[in-house]
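Me: I keep meeting descriptive terms and want to know how each one is earned. Please set the value against the rule every time.

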Amino acid sequence: MADYAALAAVLSVALRSAGLPAGPDRSERLAGALTVMRATTLTELHACALATMVSSPAQVDAFERVFNELFGAGAARRPELAAPQQNMVAESAERADANDGAGDADDPRAGGADELPADLPGLDDALAAAEASESAADADADEGVPAVRRVASMTERLRERDFAQLSPAELTQLATLMRQLVIAVPPRRTRRYRPRKDGARLDMRRTMRQATRTGGEPMRIARRAVRLRQRRLVVLCDISGSMEPYARAILQLMYVASRSSGASGGGGPGFSGPTRDAARPRTEVFTFATRLTRLTPYLAAATPETMLARAGQAAPDWAGGTRIGAALRDFNDRYGARGMARGAVVLIISDGWETGDPALVGAQMARLHRFAYRIVWANPRTQSDRYRPEVGGMAAAWPYCDAVVSAHNFESLGDLLAALQAPRGHRPSFVPPKAVSPGAVVASAN
């Protein structure tokens, strides 16, 4: 059995090279049609491709030419259409009833669901021919010979490519995939209560008020439960030179997620708070390189491109050096200790390269660790199995992180979303001395 997905991708790329609008959506529909039909011959492949890849009569000639180039001169041709005639249906039915055996001889699938004549090529041969054409195209690339070059669709390539390798156009296309993601954080208990039938607390005041309608007899017992609200998500994004491409992708994710209905908070059992409006998310975004810049107001931009352009203008240290400790101290003094980070989920995006004193990073992370609900660090360098947080700011910050993820491509964003949504476990309190080396911080954590 041939690989329907690979075959659909081969034909889609070839048709797109010929000028037809054969995108990943049509390729997916072709693969689905081949799967449902259980196609095993070129005739069936031709019928499925003609139905899913062609949307206008003007595209049929180009489709036939590309199909014949891929699968040889013996590929199936489109059927000639004849004008309907009188009694055509009745005559066909009578002929089918009278000549059952003759009809079976003409239909290659009539002899059985899995039996095929030996002289008809299967889809496996067609896929082999397409792969041979792809190899020939690679050999003649310098001569400009048009042919199939890629089997994977654009969507799959965007999912697997590192953010640092994406062009601005591909980053814009990635926003479409990011709209499918929802950033959820654990809810928090408040001091307020709300009416609930299965609540654990008796609502005496409401019970007596309802009893006035029944002559003073409490016919219904009112109960209430603790109201849960969304936690705030605070994002600190490193925009230094080494993190600039990753910062663009993560900021775009924050922009797209802040405009979705459930982006700023995650529901759970007992979650009662209403979903916040997309224009007012409970998400705070800061960037830092050599200084701290608040970018939350720019998340209301019309498009991701506009948001990134305004962010670059608002942050004068974009693609500059890295002073993580100073940025954390500025955030703790101006925003964190005043309430913004209390009980919040803090996401720090940085590779941990610190040009200042790493001991300052450890001290400020200890402060943030005391009043934040959960700290998640996204470091694209951790995608390597050989990575070890042994030097610099990452070594000083590591003991205070509840989770460390890579977030280097779209596929790894699933780990990031899971880390943000996970509840907080047992957290020891780290209070390092004022002057301490990164190695001592790691040793004290162990």
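Me: How do you know that the charged end of R224 sits over the ring of Y193?

Reply: A charge sits over a ring if NZ of Lys or CZ of Arg is within 6 Å of the ring centre and within 35 degrees of the ring normal. The charged end of R224 is 4.7 Å from the centre of the Y193 ring, so the distance passes the limit of the rule. R231 does likewise with Y373, at 3.7 Å from the ring centre. This is a predicted model, in which local features need pLDDT of at least 70, side-chain atom pairs count only at pLDDT 80 or more, and totals for chains, interfaces and linings use all residues. Residues are numbered from 1 along each chain as its sequence is written, and side-chain values use heavy atoms, with hydrogens and water left out.

Me: How many aromatic pairs are there, and what makes F63 and F67 one of them?

Reply: Rings of Phe, Tyr and Trp (its six-membered ring) pair if their centres lie within 6.5 Å; planes under 30 degrees apart are stacked, over 60 edge-to-face, and the rest tilted. The count by this rule is 4 aromatic pairs. F63 and F67 are 5.8 Å apart, centre to centre, with 35 degrees between the planes, so they pair and are called tilted. Both residues lie in helix 4 (residues 60-71), where 4 residues, about one turn of the helix, separate them. Helices (H or I, at least four residues) and strands (E, at least two) are DSSP runs, numbered from the N terminus.

Me: Why is the pair F286 and Y335 said to tie together parts that are apart in sequence?

Reply: F286 and Y335 form a tilted pair, with 4.8 Å between the centres and 55 degrees between the planes. F286 belongs to strand 5 (residues 283-288) and Y335 to helix 13 (residues 324-340), so the pair ties together parts that are 49 residues apart in sequence. With F331, these two form one aromatic cluster. F286 and Y335 are both buried.

Me: What makes L158 count as buried or exposed?

Reply: Buried means under 20% relative accessible area, exposed over 50%, and partly exposed in between (1.4 Å probe, protein chains only). L158 has 4% relative accessibility, so it counts as buried. L158 is in helix 8 (residues 154-160). Leaving aside residues up to four places away in sequence, L158 touches L166, E170, Q173, L174, L177 and F410; here contact means heavy atoms within 4.5 Å. Of the 446 residues of the protein, 43% count as buried.

Me: What is unusual about the phi of R38?

Reply: Most residues other than glycine have a negative phi. R38 has a positive phi of about 55 degrees although it is not a glycine. R38 is found in the loop between helix 2 and helix 3, and its 62% relative accessibility makes it exposed. A407 also has a positive phi of about 55 degrees without being a glycine. A407 lies in the loop between strand 9 (403-405) and helix 16 (413-421), but with 4% relative accessibility A407 counts as buried.

Me: Why is helix 2 given the angle term that it has against helix 3?

Reply: Axes are lines fitted to C-alpha atoms, for helices over the stretch in contact, and angles run from 0 to 180 degrees between N-to-C directions. Under 35 degrees counts as roughly parallel, over 145 as roughly antiparallel, 65 to 115 as roughly perpendicular, and the rest as oblique. The axes of helix 2 (residues 24-37) and helix 3 (residues 42-53) come within 9 Å and cross at roughly 140 degrees. That makes helix 2 oblique to helix 3. Residues of helix 2 in this contact include L30, A33 and L34, and those of helix 3 include L45, C48 and A49.

Me: And what angle term fits helix 13 and helix 14?

Reply: The axes of helix 13 and helix 14 (residues 358-371) come within 8 Å and cross at roughly 30 degrees. Helix 13 is therefore roughly parallel to helix 14. Among the residues that meet are L328 and F331 in helix 13, and V361 and L368 in helix 14.
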